[in-house]
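Got the model loaded in your viewer? Follow along and select each group as we reach it.

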Amino acid sequence: MELTDIHSSADLKGLSEAELEALNDKLRAALLVKLSRHGGHIGPNLGVVEATLALHYVFDFPTDKIVYDVSHQSYVHKMLTGRMDAFVNPADYDKVSGYTNPDESAADLFKIGHTSTSLALAAGLAKARDLKGGKENVIAFIGDGSLSGGEAFEGFDYAATLGSNFIVVVNDNEMSIAENHGGLYENLRQLRESNGTCQCNFFKAMGFDYRYVAYGNDLHRLIDVFREVKDSVKPVVVHIHTQKGEGFAPAEADREHFHYGAPFDITTGAPLNMDEEPDYGDITADALMDMMKADKDVVAITAGTPGVIGFTPERRAQAGEQFVDVGIAEQAAVALASGIARGGGRPFFGVVSSFIQRAYDQLSQDLSINGSPAVIGIFYGTVLGMNDVTHLGWFDIALVSNIPGIVYLAPTCKEEYLAMLGWAMKQDRYPVALRVPGCKVVESGRTFPDDYSELDRYSMVREGTDVAIIAAGSFFGLGEQVADTLAEKDIKATLINPRYLSGLDREMLSALKAKHRLVITLEDGILDGGFGEKIARYYGTDCDMMVRCYGLKKEFADRYDYSAMMKANHLDPSDISEEIISLLCNS
């Protein structure tokens, strides 16, 4: 069978297992070619080729339902459900998302890009099925790394009570993005070493029947086990021990590096067209490592994404007990940081912008209400960051800056970031969040203060008249471009770096009234509830001051073009300058 002959699971049903073996090899080869040319989640997908093919051979999708946790291991599932062209034709590579998406196929139930969610989502499907009297199988496919998230435990806890068909495939490759951390993983090790027979069994303790597959890349064994559990009448776990990166030696040898990657040489695994540029993760790690050497109370915390803060295996080894990975559990990370700070430690928790949403309650309840002086570094908070719908980095300003008590700082460049980071880690009065500048490192060559304890004091970088541009964080460079464009038209604009996203410099804002008719704000985040609205609200009763806020529309955009997104949101420097001139001329 050729890959292009496959349009659904039904096309597999008449194949012999020998034919399936041949098809399995073709799937892995085609997948590897696309990954090498296009990039994506490499190790997770290569590791589940056999498991995915076996599932589609035994079950009947989309009548049966499957939910992939995080869904970064769903590429072969897509290949088998009508989207093969996106994996074999280079011109079609970008026609599918890297995550499950119901807009693409009825075989995808949810748009999923965050971890530990599959069990609760699938349990909801099973409950709805039971209420309607349905008989279809419901499957949750979850990796061992995702088990560290609290929502996974909660999903297990509820699903065990269903008393009906509910199948959990635990893909145990002994890895999260990096190595696993947490007490649960000792039990997984015991289960692997005992071939699934040890008396201590987390899954049985939760109320599930249990099957173990020692080599989870054995297509025939997987087919046998999936046939055993198909149409089960009670919840069951199928625990499969797989090899992350199976079939590609570089990915098998360096599982952390090949979790996700850009295009690479298919022979050697070496990255293609990658210029070595400074990275805010490495900048952060270097700064924290220096702090750790000087102060044993400094602790770097990650929730399963150590690469985000530059903590490579080598740095993790050097940091020792001053580095903590709580697993994929942002809620626990924030609460842990609060506890460390209250205990006299100096914690820094680095997290991706779209992941900090998962810990809103902890930011408010565990951290801010208690005034714990922990530091939260929020990375990729920018329209220029990740652009999948589940990983958008433009909601954090509205989310974090409106929690009372948190000081949310927006550095504009490398030098200002390091100055703010240094202050935040030394001070002991406030919970501080740092909105790490966008993906590209900007070195301004300027010097910045080392004390930010006098809160909500903005910095006037250029003084002019008529129009004041308040440009926050990553968009400060955009503010400079607008000011320069206006200068070419003989309009000398005031340019302000607000530094604080969480408060207003009322003294400076009031002083602007003397020489200015217009204030514009620029922020790399949504306008609704964002920084600009604070400024507009301040001037809201002052009819003599016009305010125009520039930022992003509140929406879930998916795989957008950055230039088009900026243009659609009126964030082009020329367009902004022309609107400013029009507003000034008509005022």
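Start by selecting Met-79, which touches Ile-6, Leu-27, Ala-30, Leu-31, Met-84 and Phe-87, leaving aside residues up to four places away in sequence; contact here means heavy atoms within 4.5 Å. You'll find Met-79 in helix α4 (residues 75-79). Helices are DSSP runs of H or I with at least four residues, strands are E runs of at least two, and both are numbered from the N terminus. Met-79 counts as buried because its relative accessibility is 0%; buried means under 20% relative accessible area, exposed over 50% and partly exposed in between, with a 1.4 Å probe and protein chains only. Now add Thr-4: its C-alpha atom is 9.3 Å from that of Met-79, although the two are 75 residues apart along the chain.

A word on ground rules: this is a predicted model, where local features need pLDDT of at least 70 and side-chain atom pairs count only at pLDDT 80 or more, while totals for chains, interfaces and linings use all residues. Residues are numbered from 1 along each chain as its sequence is written, and side-chain values use heavy atoms, with hydrogens and water left out.

Next, select strand β4 (residues 166-172). All of it is tucked away: 7 of the 7 residues are buried, so β4 is largely enclosed by the rest of the structure. Show the side chains and you'll see Phe-166, Val-168, Val-170 and Asp-172 pointing one way, with Ile-167, Val-169 and Asn-171 pointing the other. That fits a general pattern: in a regular strand the side chains alternate between the two faces of the sheet. Bring in strand β3 (residues 138-143), which pairs with β4 in the parallel sense over 5 bridges; strands pair if DSSP finds at least two bridges between them. Phe-141 has Val-169 in β4 as its bridge partner.

Now jump to the open sheet of 5 strands, ordered β14-β16-β15-β17-β18 with mixed pairing. β14 (459-462) and β18 (546-552) are at the edges with a single partner strand each, so one side of each lacks a neighbour in the sheet. On average, neighbouring strands are turned by 25 degrees against each other, direction ignored. Axes are lines fitted to C-alpha atoms (for helices, over the stretch in contact), and angles run from 0 to 180 degrees between N-to-C directions.

Inside that sheet, pick β15 (residues 466-471) and β16 (residues 494-497): they run parallel, joined by 3 bridges. Ala-468 stands opposite Thr-494 in β16. Then add α19, which lies across β14, β15, β16 and β17 (516-526) and runs at about 160 degrees to β15.

Keep α19 on screen for the second largest pocket, which holds about 520 Å³ of space. Of its 26 lining residues, the closest to the centre are Leu-384, Lys-440, Val-442, Ser-474 and Gly-477. On a 1 Å grid over the protein atoms alone, a pocket is an open set of points with protein on both sides within 12 Å along at least five of seven lines, a cavity is a set where a 1.4 Å probe fits but cannot get out, and lining residues have an atom within 4 Å of a point. Points are joined across faces, edges and corners, and a volume is the space filled by probe spheres set on them. α19 gives the most to this pocket's lining, with 5 residues.

Last stop: the largest cavity, with a volume of about 50 Å³. Select its lining, which includes Ser-97, Tyr-99, Lys-111, Asp-388 and Asp-558.
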